[in-house]
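Student: I'm new to this one and a bit lost. Could you pick a single spot, take a close look at it, and then walk me outwards from there?

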Amino acid sequence: MKLFKDKKIFLLSFLFLSSCIEDAPLDSLSPAGPYARSIDELFWLTFWIAVGVFAIVQGALLFSVFYFKERESSPEPKQIHGNNFLEILWTIIPVLILAVIAVPTVRTIFDLAREPEDALKIEVIGHQWWFEYKYPDFGITTANVLVIPEDRPVRLEMWSNDVLHNYWVPKLNGKRYLVPGQTTYLNLQADSPEEFWAQCGEYCGLSHSKMRGRVISMTEEDFASWVANEQSYAQKELPESSLAAEGQVVYLNAGCTQCHVIDGVWDVQGDRIAPNLTHFANRSVFAGAALKNNPENLTKWLANPAEIKPGTFMPNLELTEKEINALIAYLGTLK
Amino acid sequence: MTKIIEPRKQSNIFKRPSSETGIWSWITTVDHKRIGIMYGYAAFFFLLVGGLEALLLRIQLASPDNNFLSAAEYNAMFTMHGTTMIFLAIMPISAAFFNYLLPLQIGARDVAFPRLNALSFWIFIFGGVFLYSTFLFGTAGAPQGGYLAEEVSRLGSAPNGGWFGYQPNAGFKYSPGTAMDYWAIGLQILGIASLVSAFNFITTILNMRTKGMRLMRMPVFTWMTFAVSFLLAFSLPIIAIALFYVTFDRQFGTTFFLTEGGGDPILWQHLFWLFGHPEVYILILPAFGIVSEVLPTFSRKPLFGYPAIVFAGFGIAFIGFGVWAHHMFASAISPVAQAGFGLSTMVIAVPTGVKIFNWLGTIWGGKLKLNTPMLFSLGFIGMFVIGGLSGVTHSIVPADTQQTDTYYVVAHFHYVLFGGAMFGIFSGLYYWFPKVWGKMYNEALGKIHFWLMIIGFNLTFGPMHWLGLQGQVRRTWVYAEETNLGFWNLIVSIGAFIIALSILVFMANWIYSRRKGPDAGFDPWDARTIEWSIPSPTPVWNFSKAPEVKSLDDFWHMKYDEDEDGRPVRKDSADALMLELEEEGLNPKEDIVLPNPSYFPIILASGLPFLGYAVIYKMLPLAIVGTLLILIGSFGWGTEPLEEEFIGDGENE
């Protein structure tokens, strides 16, 4: 094509296309489960109707501009004040079009709100700036990474511990607020094993942008073994002289236990204000899923958490480099 | 012998102001035209400030994981950008149009309550100054118990809870410091300004119309002013109450929105959007009015379906009170409420569609002169339709739960409020420029402005649809590189700077044409409504004698007859009539009584910020000063007559 002889145009269109194709982990147009798919179908139905209306209106507009533009030969226009038939017509047609959209919309609203049978119940608790998950059936508490079985509906029961948050896994369903003092519900279901991104939708303060998450769907067997592992203590006997053992000492003495819990370590039970760290090493991300779980990121985080997440409730404990390394080694054992 | 009645040199508390030029004449003026001009300049100043804030946001977002602004600064900037554009730019710039044009369009010499008009302007100014003084005095920080790596800068010490101020995040616990108090009290003050002018305009339209100006002969812009005034009068009290609740929660230990005290954060959302959605129509209806004036004039055809456009405007205003929860489809509301508000949101698309089709009917078969005002009005239709259609996708509740809180929504409402409201406003600024200044703007620069703006606008807000669908969440200071959103964000940021460039062209045109533009004459567009039947710039007395209106588009029918085909034919007498009108307009034959300038509106208004500071800092002396100023203002006002006594039979009594 002649158009593509120009290298710049070629490059630009290439960029355009490539950026369209590229995988965006929060893409709301790539549904990976039945709930998201029903929304997607509704969106495209509306989208194409909108494109039709768009084409008619912009077409009429552009046609008028070019065809009725003042020319030397243009006669004075007829003074038409209106036309009842036309005006009634373009009132009724939109009503009919909207009725066509309204029926599936209302149906889908109620379908999405219904509690599915045989759903796995999971509690989602919003905190500034991370999501906590509890599996009441299994007695599991975890954070940042939600693990679900594939191909089975999950019923999230959600509330917030502080301000409003908004739970969103674009590929699995739309958003739902987390509200202090109220419970809201959201259904998720994934077709196959995959890792999804989650993100807080509602502005919730300084580090709202870093309130992210992951959702991992697993086969039934993998899920069962994940549950079994989570239910057990991660704590194994640590070799007395290892770096990890030093790290445990740091964990117990530096103040971490004021806010964190590792089940089976020390004698703390129950909730704390910060994420439960029992199986920390198994999670792919931490700090509200703002960081990937690797030693380099952990070093940055432990050195000064507020540098990564402004406003965070985790203080800078002014740990030495040695203490940080020991802590990281210890956290690495929490599988 | 004609004369303007001079005020007698007597007064009660102060000597009555008497300067006719210079700064004091502007400070004490009660002339609706001068107040309109001041509104316009002040609003434009805030438009520039809000635009700069937007540019800072776009620099920050131009690349992933950027550190140009800190989180605190970014949050303050998006809060102030929204607050400024809505309350300090678009609303007052609409007020500028209302003030200047409303009396001219209905053939009146001023608004019903000229001093109230001045009061509303000065309250707006003091409200804006109060709100922006947060950059000097305000404080903001981490939520109670949270940590920051660095101190919050001055830039970050502005309100940071969003223009929507969702509770409890904007409460004292999660937004400590005084910044959000500046926001709540600042909006409270600005609300008073709008309420005052709403009542003033309603009264003016009902009572001050000239002979023969029946309601259904009023220009559509006047109709839309009427609709907006009712919207303001009914919606502002809601936000006023909600803001008092917020201030009480923050300052005096109440718990209206705090769960731990039995309050409900969702209540705030209902109250805010019960105001906030009518507010959208407050912002857009004036533009509807402007476009409905510009299209017929530049098409040389009457407006297609005038009654339908008027009633659709009121239909929109009315239904606008019944759609608020579509801002909350992902919030804690039931499926029944979702369905109900989804349907009502679809319904509001119908009268909006009627307007658009009627505008198309207006230009269809016309003889289109593509001057700058017309380009902006045509651009308005094109852009607003996009915003309207993306709005319909929001009524599809399940789809909206994907799109809400993403850049898709940002794209949507910028197509409505920028592509819609601002394009309409620019159309109006060019259209009435010759009326206000008596000079003509530069057409070439005007067209450059239009093309730069429409390109920059679409480059900025078009890709945002895509970004939102790809998962970019609003109000996010940074986005991760892995989200693959970087490319389009860069394009968006480039577009924002093209818009900024177009604004510079507009300003250059304005400044140049104000001084050096050719004389415009009083009817440069061969227009249709009676404000064009008087000299430009508008004389201080507007109409030298009260006009008598015989039909819709009265001025047009003074100039044109229709032949048997229904095509306009210029009357033989038209040229003579024009000369006569100009001669008469500049040399009134009757005594003219105009309201006299007054010190009291500005004195009364100046008391309000003191009360605001008194609440924030709990300082009694400030409260006393504020109360005294308000008392002096109202007492002086009450004892000073609007017009000094005069002798003679002025006909506008």
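Tutor: Let's start at B:Pro537, which lies in the loop between helix 15 (486–516) and helix 16 (554–559) of chain B. Helices here are DSSP runs of H or I with at least four residues, strands are runs of E with at least two, and both are numbered from the N terminus. The peptide bond from B:Ser536 to B:Pro537 is cis, with omega near -10 degrees.

Before we wander off, some housekeeping. This is a predicted model, in which local features need pLDDT of at least 70 and side-chain atom pairs count only at pLDDT 80 or more, while totals for chains, interfaces and linings use all residues. Residues are numbered from 1 along each chain as its sequence is written, with chains lettered from A and ligands numbered from 1 in the order in which they are written.

Chain B has another cis bond to look at: the one from B:Gln167 to B:Pro168, with omega near 0 degrees. B:Pro168 sits in the loop between helix 5 (134–137) and helix 6 (179–207) of chain B. While we're on loops, try B:Asp65, in the stretch between helix 2 (32–61) and helix 3 of chain B. Its phi is near 50 degrees, a positive value in a residue other than glycine. B:Asp65 counts as exposed, with 10 C-beta neighbours inside 10 Å. For reference, buried takes 20 or more other C-beta atoms within 10 Å of a residue's own, exposed takes 12 or fewer, and partly exposed is in between, with C-beta atoms placed from the backbone.

Now step back to the whole of chain B. It has 19 helices and two strands. Its radius of gyration, taken over C-alpha atoms, is 25 Å, close to the 26 Å that the globule rule gives for 653 residues, so chain B is as compact as a globular protein of that length. The globule rule is 2.2 Å times the number of residues to the power 0.38. Along its principal axes, the C-alpha trace of chain B spans about 75 × 60 × 50 Å. Of the 653 residues, 62% count as buried.

What holds the middle of the picture? In the largest nonpolar core, with 274 residues, B:Ala43, B:Ile123 and B:Ile284 touch the most other members. A nonpolar core is a set of buried Ala, Val, Leu, Ile, Met, Phe, Trp, Tyr and Cys residues joined through C-beta atoms within 7 Å. Helix 3 (residues 71–105) of chain B brings the largest share of this core, 23 residues. Leaving aside residues up to four places away in sequence, B:Ile123 touches B:Ile189, B:Ile192, B:Ala193, B:Val196, B:Ala605 and B:Leu608. Touching, or contact, means that the C-beta atoms of two residues, placed from the backbone, lie within 7 Å.

Helix 15, where we came in, takes us to the neighbouring chain. On chain B, 87 residues are in contact with 87 residues of chain A. Helix 15 is among the helices that each supply at least two residues of the side of chain B that touches chain A. Helix 10 of chain B gives the most to that side, with 15 residues. By class, the side has 50 nonpolar, 27 polar and ten charged residues. Here Ala, Val, Leu, Ile, Met, Phe, Trp, Tyr, Cys and Pro count as nonpolar, Asp, Glu, Lys and Arg as charged, and the others, Gly among them, as polar.

Cross over, and helix 2 (residues 34–67) of chain A is a good place to stop. Its 34 residues reach 49 Å from first C-alpha to last, close to the 50 Å expected, where the expected span is 1.5 Å times one less than the number of residues. Its buried residues include A:Tyr35, A:Ile39, A:Phe43 and A:Ala50. An α-helix has 3.6 residues a turn, so residues three or four places apart point the same way. The buried residues of helix 2 of chain A pack against helix 3 (84–113) and strand 8 (184–188) of chain A, together with helix 10 (335–363), helix 11 (372–395) and helix 12 (397–403) of chain B. That ties helix 10 of chain B, the top contributor to its chain's contact side, to helix 2 of chain A.
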